[in-house]
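Q: I have a model open and want to go through it piece by piece. Can you take some questions?

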Amino acid sequence: MKFIRNTFDTYKPLFDKGGKLEKFAPGFNAFDTLVFVPNHTTKQGAHIRDGVDLKRVMVTVIFAMVPAMIFGMWNIGYQHFSQLGEAGTFIEFLIYGSIKFLPMVAVSYGVGLGIEFAFGIFRGHDINEGYLVSGLLIPLIMPIDLPLWMLGVSVAFAVLIGKEAFGGTGMNILNPALVARAFAFFSYAPYMSGDKVWVADASTVDAISGETILGTLAANNDVSYSVLDMFLGYIPGSVGETSVLMILIGAAFLLFTGIASWRIMLGGVIGASLMGLIFNALALNELMNFPWWQHLLVGSFAFAIVFMATDPVSGAQTDKGKWIYGFLIGLLGIMIRVFNGAYPEGFMMAILLMNVFAPTIDHYIVEGNIKRRKKRLNNNLETA
Amino acid sequence: MAEEKEALFSKQNRALLSDPLNDNNPISVQVLGICSALAITVQLKPALVMSIAVLFVIIASNVIVSLIRNLIPSRIRIIVQLLIVASLVILVDQVLKAYAYDVSKELSVFVGLIITNCIVMGRLEAFALANGPWKSFLDGVGNGAGYAFILVLIAFFRELLGSGKLMGFEILGHKAKTLAESTGLYAMGYENNGFMLLSPMALITVGIIIWVQRSKNRKLIEN
């Protein structure tokens with residue numbers, strides 16, 4: 001440890017003000033703070049400092065994603081081998097999955113962090129950990145067969161337009177990971193939906209039933225998976241989204257550490273259930289007939305509501321606002337899913353839409369609060 | 001009159017031409033005429049034709065209004081201006097229908113909508129009504145060119161990235177049904193970006209142009 005610290009200290013003067021490599025200080029600082037906890041102390045004024053800084057928050061979210069990620073890698077192998085009619089062991093599934101999945105992570109981090117570093121150096125601001133979570137989220141919400149260069153283009157778009165154009169981490173209106181997915185979805189539609197993209201290397205065989213459950217339903221066909229399969233995640237889908245169980249473990253971790261908002265999650269579940277119940281009552285086609293509680297198990301609902309909707313930057317900030325925000329995401333997500341068979345991933349759209357409205361929701365909550373307190377003050381003055 | 005003595009291309013007059021190209025671009029700085037910039041920029045050819053049409057209408061209406069500016073009662077000036085612009089647009093529409101029927105069909109209603117193009121009315125109100133015909137002509141050329149420049153730029157990127165063509169030529173290679181039959185970039189697995197064909201991406205392209213322009217031209221940054 002001492003050795004690493006010393007190495008950093010030796011080279012630090014180069015990057016300080018007036019040093020030779022002053023321009024690259026943001027890059028140096030990023031590595032420094034990645035390895036060591038920064039030893040900043042409060043210098044003036046009275047401020048509360050908390051051990052939970054941005055870095056700690058981001059790392060916690062990454063830990064929460066690990067179960068879903070590991071399961072996702074196993075499921076890549078499982079889907080591949082079972083759809084191609086081959087046998088395989090647990091380890092074989094996992095190895096195959098990681099061979100397929102890790103390059104996606106590498107591309108996502110490589111492109112995304114590359115752009116962040118470039119912007120940090122050009123603009124002279126410090127690089128922070130904001131991208132660490134997005135960079136892992138993006139491969140988790142993409143189909144495994146997406147060509148890597150398409151992933152790279154989507155990541156570049158998300159970081160440039162979704163984030164840096166607004167001023168970097170903490171300033172973005174939309175969730176960058178969802179921007180990447182939406183970009184890929186509209187740009188390269190044949191690679192983002194259909195029955196082949198969810199199973200790795202499926203394009204080499206002709207007959208395959210790799211359709212997602214929502215895709216099957218939209219085509220008015222019967223679902224061949226049991227409810228337990230849906231819950232445990234033995235189904236085709238984007239890498240991280242299939243296993244509700246693993247996502248719930250992550251959710252429990254996020255809620256226990258207080259990083260994610262339970263109001264958004266609960267609001268989302270209520271909204272989605274309500275919309276599902278309404279559609280069940282109407283029951284006009286297969287998608288509407290699909291039991292409301294199973295809607296919560298398939299597609300991206302669980303992953304989106306736990307990891308995407310709870311993004312503290314792009315979501316609502318006020319407590320009441322979080323309820324409304326979460327509720328509407330659930331409601332709209334199921335609505336888009338059922339009404340528009342071409343967009344089975346309703347939650348991507350729903351969250352992006354609500355991201356845009358989150359500041360409006362907050363504004364009215366805050367205004368309402370001010371009005372109420374003014375009224376109370378006036379009443380008190382009158383009675384006094 | 002004093003302005004008659006001024007040289008044809010005095011510094012002031014040259015600024016009339018060059019300002020709208022960068023510092024005072026009608027699309028990227030004044031953010032006018034966005035609707036047509038989104039609607040007809042999927043391909044380069046219609047964008048070019050549209051640019052020429054708008055250029056013609058701006059120049060002609062600017063000069064005509066400037067010539068009769070002292071005769072127009074200010075109360076009915078909008079009606080007079082509209083009449084002039086509308087006649088010019090009908091003229092353009094008929095010429096397009098006669099000589100470039102395909103493009104005219106592609107542009108469809110947007111040729112007629114030049115009437116409502118804020119840039120045309122804006123220049124008449126802001127410039128032609130108060131300046132002589134030569135200056136108004138230069139102003140029309142400048143603003144028309146500024147509009148055309150951005151339009152063609154957007155259309156260039158949208159057609160190149162969205163359908164892999166420029167002016168209808170497949171410059172990135174031919175995309176066949178299978179990878180083996182494709183040529184050029186497509187043989188390496190390249191795919192067209194379908195998002196580029198949708199209007200939201202045109203708006204984002206305008207945004208990127210504004211971003212690049214502002215980071216190059218510090219004058220434009222307001223606090």
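Q: In what order do the elements of chain B run from the N terminus on?
A: This is a predicted model. In chain B the order is α-α-α-α-α-α-α-α-α-α, which comes to ten helices and zero strands.

Q: What does the C-alpha trace of chain B span along its principal axes?
A: About 70 × 45 × 30 Å.

Q: And how many of the residues of chain B count as buried?
A: 33% of the 223 residues.

Q: What about contacts in chain B between residues at least 6 apart in sequence: what share join residues at least 24 apart?
A: The share is 74%.

Q: Switching to chain A. Is helix α5 largely enclosed or not, and why?
A: Helix α5 of chain A, residues 130-140, is largely enclosed by the rest of the structure, because eleven of its eleven residues are buried. Among them are A:G130, A:L136 and A:P139.

Q: What covers the buried residues of α5(A)?
A: The cover includes α3 (54-83), α4 (90-123), α6 (148-163), α7 (176-187) and α15 (301-308) of chain A.

Q: Stay with α3(A). At what angle does it pack with α11?
A: α3(A) and α11(A), residues 244-257, pack at about 170°, and their axes are 8 Å apart. The pair is therefore roughly antiparallel.

Q: Which residues make that contact?
A: From α3(A) they include A:F63, A:M65 and A:F71. From α11(A) they include A:I249, A:F253 and A:L254.

Q: How do the residues of the contact divide into nonpolar, polar and charged?
A: Twelve are nonpolar, three are polar and none is charged.

Definitions and conventions
Residues are numbered from 1 along each chain as its sequence is written. Chains are lettered from A and ligands numbered from 1 in the order in which they are written. This is a predicted model: local features need pLDDT of at least 70, side-chain atom pairs count only at pLDDT 80 or more; totals for chains, interfaces and linings use all residues. Helices (H or I, at least four residues) and strands (E, at least two) are DSSP runs, numbered from the N terminus. A residue is buried if 20 or more other C-beta atoms lie within 10 Å of its own, exposed if 12 or fewer, and partly exposed in between; C-beta atoms are placed from the backbone. Two residues are in contact if their C-beta atoms, placed from the backbone, lie within 7 Å. Axes are lines fitted to C-alpha atoms, for helices over the stretch in contact, and angles run from 0 to 180 degrees between N-to-C directions. Angles under 35 degrees count as roughly parallel, over 145 as roughly antiparallel, 65 to 115 as roughly perpendicular and the rest as oblique. Ala, Val, Leu, Ile, Met, Phe, Trp, Tyr, Cys and Pro count as nonpolar, Asp, Glu, Lys and Arg as charged, and the others, Gly among them, as polar.
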